[in-house]
Amino acid sequence: MYNNCITSKSKNMKIITLVTKRSVRETLKELRYKKYYSSSEFHPGDVIEIIDGNKKSPAIILKSEPASAYKQQIRDGSLDISKPKFSKTGEFANGVVVCSFSMDDIRKYLKDPALAHKTDNKILKDFFPKKKPVQNKEPKKVSATSDGTLSTLSLDRYKQTDKTHHSELQLFVDEVRKYFGEQARFGQGSFSYYLGFCKKIPMTDLWQMFGEAKQSRKNHEGQKKLFWWKIGQHLRGPKDDTEIDNTKNN
């Protein structure tokens, strides 16, 4: 629906590329830089206010291009974008530009966020992540067992390393995310996103749902959708058999 709208009004529409306060912390390019369509006139370096993660957040415009430049991608569906959710209230509602910065400076801050924290501008300091100092922690030493045997030594003790996960649930979430190729650090697909849903379900049910999804004849993306469908069904509670069968067949 969005793509049809863009095609029919491509003369007035712009394709904007922006980075948000949350996405700037991502390392993958496809997660860091987001494209939207808009009829508003924005310029590179403009700061606007949008809804990101269900709350108001600043966003910096990096590019503003005519939609006609993406005409083929829009028609064949390879460019699937939506309209940005501007904040509806406050001084900067509906896409009002908050302020503007030089794109030469923005490029420097994207490459090295620490430079933004050397400025006196509060917006820049809040927007770009502050690099935490690296702490050199020595590996934790584990003493040998009192009886001199290896009977109570775990693999972590033998390797003299700390545990990566502290519970079966965290281990499960890590395995599922790796299987589905999830790499987001924040928001949908992140470790905390999975953990928030899965912690409400018994481990035996989680392993069963994951196993059933992997054993289905669907492709990788279909298995992922089936897994999340099962999560949703479990959290909503039981439904009658007819409704469940119809949902699975869709």
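Is F172 buried or exposed? F172 is buried, with a relative accessible area of 0%. The views below come from a predicted model.

**View 1. F172 takes part in the largest nonpolar core.** F172 belongs to a core of 18 residues, the largest nonpolar core of the model. Six members touch the most other members: F172, V176, Y194, L206, F227 and I231. Four helices each supply at least two residues of this core: helix 7 (168-180), helix 8 (191-198), helix 9 (203-215) and helix 10 (220-236). In soluble globular proteins, nonpolar side chains tend to be buried together. Apart from this core lies another, of 15 residues. Its members include V47, I60, Y109 and L110.

**View 2. L206 and its contacts.** L206 is one of the core residues that touch the most other members. Leaving aside neighbours within four places in sequence, L206 contacts L169, F172, C198, I201, F227 and I231. F172, F227 and I231 are also among the core members that touch the most others.

**View 3. F172 and F210 form an edge-to-face aromatic pair.** The count of aromatic pairs comes to 17. In the pair shown, the ring centres of F172 and F210 are 6.0 Å apart, with 85° between the planes. The geometry is edge-to-face because angles over 60 degrees are classed that way. This pair links distant parts of the chain. F172 sits in helix 7 and F210 in helix 9, 38 residues apart. F172 is buried at 0% relative accessible area. F210 is buried too, at 2%.

**View 4. Y193 and Y194 pair edge-to-face.** The ring centres of Y193 and Y194 lie 6.5 Å apart. Their planes meet at 70°, so the pair is edge-to-face. The two residues differ in exposure: Y193 is partly exposed, with a relative accessible area of 28%, whereas Y194 is buried, at 0%. Y194 is also one of the members of the largest nonpolar core that touch the most others.

**View 5. Ring pairs build an aromatic cluster, and lysines sit over two of its rings.** Ring pairs join F172, Y179, F180, Y193, Y194, F197, W207, F210, F227 and W228 into a cluster. K200 lies over the face of F197, 5.7 Å from the ring centre. The charged end of K214 sits over the ring of Y179. Here the distance to the ring centre is 5.4 Å.

**View 6. T20 is buried and meets D52.** T20 is found in strand 1 (residues 14-20). At 0% relative accessibility, T20 counts as buried. A polar contact of 3.2 Å joins its side chain to that of D52. Which residues does T20 contact, leaving aside its neighbours within four places in sequence? They are K34, I50, D52, P58, A59 and F127.

**View 7. D52 also bridges to R22.** The model has 7 salt bridges by count. In one of them, the side chains of D52 and R22 meet at 3.2 Å, N to O. The pair links distant parts of the chain, 30 residues apart. D52 lies in the loop between strand 3 (46-51) and strand 4 (56-66). R22 lies in the loop between strand 1 and helix 2 (29-32). D52 is buried, with a relative accessible area of 12%. R22 is partly exposed, at 32%. D52 thus has a side-chain polar contact with T20 and a salt bridge with R22.

**View 8. D105 and K108 form a salt bridge within helix 4.** Their side chains meet at 3.5 Å, N to O. D105 and K108 are separated by about one helical turn, because they stand 3 residues apart in helix 4 (residues 103-111). Both ends are partly exposed: D105 at 27% relative accessibility and K108 at 44%.

**View 9. K122 and D126 form a salt bridge within helix 5.** The side chains of K122 and D126 meet at 2.7 Å, N to O. Both residues lie in helix 5 (residues 122-127). They are 4 residues apart, about one turn of the helix. How exposed is each end? K122 is exposed, with a relative accessible area of 60%. D126 is partly exposed, at 35%.

Note on methods
Residues numbered from 1 in each chain as written. Predicted model: local features only at pLDDT ≥ 70, side-chain atom pairs only at ≥ 80, totals over all residues. Heavy atoms only, no water. Buried < 20%, exposed > 50% of the residue type's maximum accessible area, 1.4 Å probe, protein only. Polar contact = N/O pair within 3.5 Å; in protein donor to acceptor, adjacent residues only side chain to side chain. Contact = heavy atoms within 4.5 Å. Core = buried A, V, L, I, M, F, W, Y, C linked by side-chain atoms within 4.5 Å. Salt bridge = Lys/Arg side-chain N within 4 Å of Asp/Glu carboxyl O. Phe/Tyr/Trp six-rings, centres within 6.5 Å; stacked < 30°, edge-to-face > 60°. Lys NZ or Arg CZ within 6 Å of the ring centre and 35° of its normal.
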